Amino acid sequence: MATEGQSEYESVLCVKPDVNVYRIPPRASNRAIRAADWKLDAPDWTGRMRVTARGKVAYVKLEDKISGELFAQAPIEEYPGITVETVSDSSRYFVLRIQDESGRSAFIGIGFNDRCDAFDFNVAIQDHFKWVKQEDEFSKQAQAPDLTPKLDLGFKEGQTITLNIGQSKKKDRSRPQSSGGFGLLPPPPGGKLAPPPSSRSTNHNTQPSAGVSDTAGCLLNLDSSNSNSVAPSTTTTASSDLWGDFDSVSSK
């Protein structure tokens, strides 16, 4: 794990200029760790602390304030864990498991003079391992196939939709009217339309032939001459009848 982290970029998560280191007594298995058991008024070492990260592993480095020489470091591969532990009687003190290059480890106590420094130290480690957890979940999702059913909102082949925008639901069944104001009759059941009857009569009356007009003129002249000749005969007969009746009365 450390070999893989050496080729990755190292980022700084937190820097605190004042940290105290304490030699702690052997821990009892069934007893909580208490900072009051340490010699808090006489720390064994004082320096600065840097929290760094290389890949998924975080490192707590204790360095000299002036020269920057490394005093001890603690690689943290998981949190919470045995590498960094809190004490039961204070929020400013922690138990840290340091480890050298040969792999030997030891437990020491560290403490901050300011409570805010202890809070920043704790939050920096928590945020790093939250990021590690998210990266692990993303990698698992990328490798695992997606078995959840997907919602298909596309149109199937041949599927259509109809939209009625600004139209009434009832259809207009009124008969269409022509420009002249006369209604048109519906078509016959057979489906064939007959021509309008007024078309032929209009054509015959408006366009008579020349022969027909001449013949009609001759007939009108004959009728007028006959009527003139018959009328006097009727008058003469009537007058003779009247005189005939008068003669018959006088003879009697």
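## Sheet, helix and a loop residue

User: How are the strands of the open sheet ordered?

Analyst: The open sheet has seven strands in the order β4-β3-β2-β1-β7-β6-β5, with antiparallel pairing. Strands are DSSP runs of E with at least two residues, helices runs of H or I with at least four, numbered from the N terminus. Two strands pair if DSSP finds at least two bridges between them.

User: Which strands stand at the edges?

Analyst: β4 (70-76) and β5 (84-86); each has a single partner strand, so one side of each lacks a neighbour in the sheet.

User: Is this a predicted model, and what are the limits?

Analyst: The model is predicted; local features need pLDDT of at least 70 and side-chain atom pairs count only at pLDDT 80 or more, while totals for chains, interfaces and linings use all residues. Residues are numbered from 1 along each chain as its sequence is written, and side-chain values use heavy atoms, without hydrogens and water.

User: How many bridges join β6 and β7?

Analyst: Seven, in the antiparallel sense. Y93 stands opposite G111 in β7. Their hairpin has five residues between the strands, and G103 there takes a positive phi near 100°.

User: Different topic: is E101 buried or exposed?

Analyst: E101 counts as exposed, because its relative accessibility is 86%. Exposed means over 50% relative accessible area, buried under 20%, partly exposed in between (1.4 Å probe, protein chains only). E101 is in the loop between β6 (93-99) and β7 (105-111).

User: And what pairs with β1?

Analyst: β1 (residues 10-22) pairs with β7 over three antiparallel bridges, and with β2 (residues 45-54) over nine antiparallel bridges.
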